[in-house]
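Here's a quick tour of some strand pairing and charged side-chain pairs. Have the viewer open as you read.

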Amino acid sequence: MKAVAHKRHRFGYRRIGVMLERKGMTMNHKKLYRLYTEEKLGVRRRRGQKRARGSRTPMPVALRPGERWSLDFLADTFGVSRKFRILAVNDDCCRENLCLMADTSISGARVVRELDALVRLYGKPSCIVSDNGTEFTSRAILRWANDNGVDWHYIDPGKPQQNAFIESFNGSLRDELLNEEWFNSLDDARRKLALWRYDYNNVRPHSSLGNQTPAKARRALEQFEGSAPAALARTGEEEYEIQTRKLSL
């Protein structure tokens, strides 16, 4: 448990329990929590900044991979406070991160080039969700969406909760990587982002997917197309998560 917690500083006891189960070490959730607290491995919850108020706008559920992508930008620094931006693209159905592209400047035309590359790899999405940033409302983006027949949905200004999937991903990325690492250069940032992206898609358990990885969830959904609820349902071995979901990570 200490080894997992040392390697993954921002994992709570439930996620650590999943990682231990993968190694053949299974224990009662009460014992797991007791050992977790005795070893003082608790994660201090970081308080967010001011959040936008207002009711949430309901979004249609993505039942198959490729039905809806979410896009957003993050920002960080490298070297002597040199700023860079990160374009994140996620598949909302299987929670898979499709792109983490970092550069000092990202224009609408650059976003279009990345989208073209993703379409060649994953196929064309039915819908894309983003905020009203200048890059996403540029002529290049509007032309691309029109030419490719993709429905581009803009959330209401000041309401990031309407794009909850990508906001949740952003929180994980910042909590587990950006707030934990120093970047010496842009190349160093790109390398660490690529390593974290692989871990996020292929190793890290996701509670919303029944503790599967996004890559495994995608394979399950593609194999059993049209049976998303069954493919992503929790198993009996994960009952302790249901019993303790009210406890903090």
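Strands here are DSSP runs of E with at least two residues, numbered from the N terminus, and two of them pair if DSSP finds at least two bridges between them. With that in hand, look at the hairpin of strand 2 and strand 3: four residues sit between the strands, and Arg95 takes a positive phi near 65 degrees. Keep in mind that this is a predicted model.

**The strands**

Strand 2 and strand 3 (residues 96–103) run antiparallel and share seven bridges. One spot to click on is Ile86, which stands opposite Ala102 in strand 3.

On to the other hairpin, made by strand 1 and strand 2. Three residues lie between these strands, and Gly79 in the turn has a positive phi of about 60 degrees. The two strands are antiparallel, with 10 bridges joining them. Ala75, for instance, has Arg85 as its bridge partner in strand 2.

How enclosed is strand 2 by the rest of the structure? Seven of its 10 residues are buried, so strand 2 is largely enclosed.

**Around Asp76**

Asp76 belongs to strand 1 (residues 68–78). Is Asp76 buried or exposed? Its relative accessible area is 14%, and the cut-off for buried is under 20%, so Asp76 counts as buried. Setting aside neighbours within four places in sequence, Asp76 is in contact with Arg82, Lys83, Phe84, Arg174, Leu178 and Phe183. Ile86 comes up again here: its C-alpha atom is 8.1 Å from that of Asp76, and the two residues are 10 apart along the chain.

**Salt bridges**

How many salt bridges does the count come to? The total is 15. Here are three of them, with the N to O distance for each.

| Acidic residue | Basic residue | N to O distance |
|---|---|---|
| Asp91 | Arg218 | 3.3 Å |
| Glu176 | Arg204 | 2.8 Å |
| Glu181 | Lys192 | 3.4 Å |

Take the pair from strand 2 to begin with: the side chains of Asp91 and Arg218 meet in a salt bridge. Asp91 lies in strand 2 (residues 82–91) and Arg218 in helix 8 (residues 214–223), so this pair ties together parts that are 127 residues apart in sequence. Both ends are tucked away: Asp91 is buried at 1% relative accessibility, and Arg218 is buried with a relative accessible area of 11%.

Next, Glu176 and Arg204 join their side chains in a salt bridge. Glu176 is in helix 6 (residues 164–178), while Arg204 is in the loop between helix 7 (186–202) and helix 8, so here the parts tied together are 28 residues apart in sequence. Glu176 and Arg204 are both buried.

Then there's the salt bridge between Glu181 and Lys192. Glu181 is in the loop between helix 6 and helix 7, Lys192 is in helix 7, and they are 11 residues apart. This pair mixes two environments: Glu181 is partly exposed at 36% relative accessibility, whereas Lys192 is buried, with a relative accessible area of 15%.

Which residues are joined into one network by salt bridges that share partners? They are Asp103, Arg110, Glu114, Asp187 and Arg190.

Notes: Residues are numbered from 1 along each chain as its sequence is written. This is a predicted model: local features need pLDDT of at least 70, side-chain atom pairs count only at pLDDT 80 or more; totals for chains, interfaces and linings use all residues. Side-chain values use heavy atoms; hydrogens and water are left out. A salt bridge is a side-chain nitrogen of Lys or Arg within 4 Å of a carboxyl oxygen of Asp or Glu. Buried means under 20% relative accessible area, exposed over 50%, partly exposed in between (1.4 Å probe, protein chains only). Contact means heavy atoms within 4.5 Å.
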